[in-house]
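These are notes for a colleague opening this structure for the first time. Please read them with the model on screen.

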Amino acid sequence: MKSEKRKVKSAKVLVFGVFDLLHPGHVAFIRAAAKHGKVTVVVTPDAKVLAEKGRPAFFDENARLAMVAALKGVEQAELGDKGARWTVVARLAPDVICIGHDQDASHPKFLAQVAGLRKPPKIVRIGGHETRKYSSTRLKLEIHRTREKD
C-alpha cells in the first residue's frame, strides 16, 4: 500500500486546456488530476484557441499561463505547441493524462502522439464540476448579457 501511494505521488500527470476565465470547475479539474500525481498543465496558445474556437480567448496566453501556474496542485505549467505540430505529449512522456469532461480524447493527432510513446500513459476522464454553473463559455455569455443591460 505504501509503495502504491509513493508511485502515485511521483507519477507525471498531464492536463490540457484553454483555462480562459479561470473558475471553480478548472480548480476542481486540477485537484482531481493531482490525485494521480504531479500535474503539468499545458495551456492552449492563443493561435490554437482562435483556430479551434473561431474566436480569441478573453485572456491572452501569458495571463492564462500565469493564473494556472499559481494554482495549488500545479507542479508545472507551460504553453502548448503552436501551429500544426503536436509534440508536447511525446516530449513530456506522462504516466497519466487527465481529460476533462468536455475534451475529446479521440483527436487523431493526440492519439498518434500517445501511440508513439514507449510506455503509453493511462488516460483518465475527469467529470465536470457543476458544469451548468461553471463554464467559461457560459460565463462569457453572462458577462456579455450584463454589459448589454448597462
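1. A salt bridge here is a side-chain nitrogen of Lys or Arg within 4 Å of a carboxyl oxygen of Asp or Glu. In this predicted model, Glu 61 and Lys 82 satisfy that rule, with N and O 3.0 Å apart. The pair joins distant parts of the chain: Glu 61 belongs to helix H4, while Lys 82 sits in the loop between E3 and helix H5 (88-92), 21 residues apart. Glu 61 counts as buried, at 12% relative accessibility.

2. How many salt bridges does the rule give? The count comes to four. One of them is between the side chains of Asp 46 and Arg 64, at 2.7 Å from N to O. Asp 46 lies in helix H3 and Arg 64 in helix H4, 18 residues apart in the chain. The two partners can be set side by side for exposure: Asp 46 is partly exposed, with a relative accessible area of 29%, whereas Arg 64 is buried at 0%.

3. Glu 78 and Arg 91 also form a salt bridge, their closest N and O atoms being 2.6 Å apart. Here strand E3, which holds Glu 78, is linked to helix H5, which holds Arg 91, across 13 residues of chain. Glu 78 is buried, with a relative accessible area of 13%.

4. Helix H4 (residues 61-69) deserves a separate look. Its residues Glu 61, Arg 64, Leu 65 and Val 68 are buried. Viewed down the helix axis, the buried residues of H4 fall within an arc of 100 degrees, so they line one face. An α-helix has 3.6 residues a turn, so residues three or four places apart point the same way. The buried residues of H4 pack against helix H2 (24-34), strand E2 (38-43), helix H3 (46-53) and strand E3 (74-79). At the N-terminal end of H4, Asp 60 acts as a cap, with a side-chain oxygen 2.9 Å from the backbone nitrogen of Asn 62.

5. Which residues have the most contacts inside the largest nonpolar core? They are Ile 30, Val 41 and Cys 98, in a core of 17 residues. Strand E1 (12-17), H2, E2, H4 and strand E4 (96-99) each give two or more residues to this core. A second, separate core has eleven residues, among them Phe 16, Val 88, Val 89 and Phe 110.

6. Val 41 can be followed outward from the larger core. Neighbours within four places in sequence aside, the contacts of Val 41 include Val 15, Phe 19, Ile 30 and Val 68. Val 74, Gln 76, Ala 77 and Glu 78 are also in contact with Val 41.

Key. Residues numbered from 1 in each chain as written. Predicted model: local features only at pLDDT ≥ 70, side-chain atom pairs only at ≥ 80, totals over all residues. Heavy atoms only, no water. Buried < 20%, exposed > 50% of the residue type's maximum accessible area, 1.4 Å probe, protein only. Helix = DSSP H or I, 4+ residues; strand = E, 2+ residues; numbered from the N terminus. Arc of directions from axis to C-beta. Contact = heavy atoms within 4.5 Å. Polar contact = N/O pair within 3.5 Å; in protein donor to acceptor, adjacent residues only side chain to side chain. Core = buried A, V, L, I, M, F, W, Y, C linked by side-chain atoms within 4.5 Å.
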